[in-house]
Amino acid sequence: MTNADIALSLAAAALAALLSAFLTWLLRPMLLRVALAKPNARSSHRIPTPQGAGIAVIAATLAAAGTLVALSGSGTLQIPLAVFGATLFIAAVGFADDVKPVPVLPRLLLQGLAVAVVVFAAPGDLRIVSAVPFWIERGLLLIAGLWFVNLVNFMDGLDLMTAAEAVPITAAVALLGFWAQLPPSTALVAAALCGALLGFSPFNRPVAKIFLGDVGSLPIGLLLGWCLLQLAFHQHVAAALLLPLYYLADATITLLRRLTRGETFWTAHRSHYYQRATDNGFAVPRIVSEVFALNIVLALLAMLSIRLDSVTASLVLLLVGASAVAWLLYRFSRRRTG
């Protein structure tokens, strides 16, 4: 990645942060009227709070990345239009659900369409495991992508939680792009999303003045999934697993526990470990701080796995990362005594 590409990524982060903060401030009065999140069984807030700031975050991300790609005139910076289109489409689905809940099946089908566009728009020569038939691999990636988009949505239930997860991931992806481990376009989008989330964060810190809403969490999940898919396509599978490992573990274990209990898993609930932590006496800033710190550790492990470039080292680092995640999940599941 050239110095010019690095400068563009940094500029995208700064521009996205400014745009996101301005648009969040601008949109909040309107969202108070049309997209108010009322407390329910899943909520950690006690009073109705506007949702939909994801409009600002996604608009800032796409505008900053798209503008700098256009201005660069560089052939190395080519962001697939399919990714932009799918992101806008799934954001629209999310906004519709924020304003008036969409039934589960149509919502999943529409989300699946957006994920399919991203997965199947990738060039056919990009493979993770070449021994697996192409259509089987892409089909599995579609299922995994749909789950990832939804788990990001499920985990967006606490002030600053999505920022605590996505900022370390996007910052790590941008850095890996700087080190020529990923295409410059992936680094640019990651940097823009990182900046947009940082611009939104002051409005979402406890006690939040506004939430992302599905219009934010769903496309953020899609963009993060695309970045991680690029890592996997470039044979950095361990890094692609390590970066989102806390979210993957919390959401997947919670889903499996609910399924084994025969619960209606798509309904609102407070079974996630971070939600149980609030019930166990952990303050919201403490929970978010610990998740953020863990994600910094996971990001360092992911970058180290690429640096060492060894199957054995990758397995060891995955084990270290999984142990760190397990320890935090255990802490969150126990009542705080001090």
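**Exercise 1.** In which helix is Arg 286 found? Classify Arg 286 as buried, partly exposed or exposed, and state how far its C-alpha atom is from that of Leu 198.

*Solution.* The model worked on here is predicted.
- Step 1: Arg 286 belongs to helix α12.
- Step 2: Its relative accessibility is 34%. Buried means under 20% and exposed means over 50%, so Arg 286 counts as partly exposed.
- Step 3: Along the chain, Arg 286 and Leu 198 are 88 residues apart, and 19 Å separates their C-alpha atoms.

**Exercise 2.** Compare the expected span of helix α3 with the distance between its end C-alpha atoms. Then place Leu 88 and Ile 90 in this helix and classify each by accessibility.

*Solution.*
- Step 1: Helix α3 covers residues 81-99, which is 19 residues. The expected span is 1.5 Å times one less than the number of residues, so α3 should span 27 Å.
- Step 2: The end C-alpha atoms of α3 are 27 Å apart, in agreement with the expected value.
- Step 3: The buried residues of α3 include Val 83, Phe 84, Ala 86, Thr 87 and Ile 90. Two aspartates, Asp 97 and Asp 98, are also among them.
- Step 4: Leu 88 lies in α3 and has a relative accessible area of 51%, so it is exposed. Its C-alpha atom is 8.7 Å from that of Ala 59, at a sequence separation of 29 residues.
- Step 5: Ile 90 is also placed in α3, but its relative accessible area is 0%, so it is buried.
- Step 6: Leaving aside residues up to four places away in sequence, Ile 90 touches Gln 111, Ala 114, Val 149, Leu 218, Pro 219 and Leu 222. Ala 172 is 82 residues from Ile 90 in sequence, and their C-alpha atoms are 24 Å apart in space.

**Exercise 3.** Describe helix α7 by its span and its burial, then describe how α7 packs with α8.

*Solution.*
- Step 1: The 21 residues of α7 should span 30 Å at 1.5 Å a residue, and the end C-alpha atoms are 30 Å apart, so the two values agree.
- Step 2: Of these 21 residues, 19 are buried, so α7 is largely enclosed by the rest of the structure.
- Step 3: A pair of packed helices is described by the angle between the axes and the distance between them. For α7 (residues 184-204) and α8 (residues 214-233), the angle is about 145° and the axes are 10 Å apart.
- Step 4: The crossing of α7 and α8 is left-handed.
- Step 5: On the α7 side, the residues in contact are Ser 185, Thr 186, Val 189, Ala 190, Leu 193 and Leu 197. They meet Ile 220, Leu 223, Leu 224, Trp 226, Cys 227 and Gln 230 of α8.
- Step 6: Sorted by class, this contact of α7 with α8 has nine nonpolar residues, three polar residues and no charged residues.

**Exercise 4.** Examine the backbone at Val 207, Gln 235 and Asp 309, and state where each residue lies.

*Solution.*
- Step 1: Most peptide bonds are trans, and most residues other than glycine have a negative phi.
- Step 2: The bond from Pro 206 to Val 207 is cis, with omega near -5°. Val 207 is in the loop that joins α7 and α8.
- Step 3: Gln 235, which is not a glycine, has a positive phi of about 65°. The loop between α8 and α9 holds Gln 235.
- Step 4: Asp 309, also a residue other than glycine, has a positive phi near 50°. It lies in the loop between α12 and α13, and its relative accessibility of 68% means that it counts as exposed.

**Exercise 5.** Check the span of helix α13, then list its buried residues and what covers them.

*Solution.*
- Step 1: Helix α13 has 23 residues, 311-333, and should span 33 Å at 1.5 Å a residue. The distance between its end C-alpha atoms is 33 Å, which agrees.
- Step 2: At the start of α13, the backbone nitrogen of Thr 312 has a side-chain oxygen of Ser 310 within 3.3 Å.
- Step 3: The buried residues of α13 are Ala 313, Ser 314, Leu 317, Gly 321, Val 325, Leu 328, Leu 329 and Phe 332.
- Step 4: Their cover includes the helices α9 (237-242), α10 (245-260), α11 (273-279) and α12 (284-308).

Terms used
Residues numbered from 1 in each chain as written. Predicted model: local features only at pLDDT ≥ 70, side-chain atom pairs only at ≥ 80, totals over all residues. Heavy atoms only, no water. Helix = DSSP H or I, 4+ residues; strand = E, 2+ residues; numbered from the N terminus. Buried < 20%, exposed > 50% of the residue type's maximum accessible area, 1.4 Å probe, protein only. Contact = heavy atoms within 4.5 Å. Polar contact = N/O pair within 3.5 Å; in protein donor to acceptor, adjacent residues only side chain to side chain. Axes fitted to C-alpha atoms, helices over the stretch in contact; angles between N-to-C directions. Left-handed = near helix turned anticlockwise from the far one by under 90°. Nonpolar A, V, L, I, M, F, W, Y, C, P; charged D, E, K, R; others polar.
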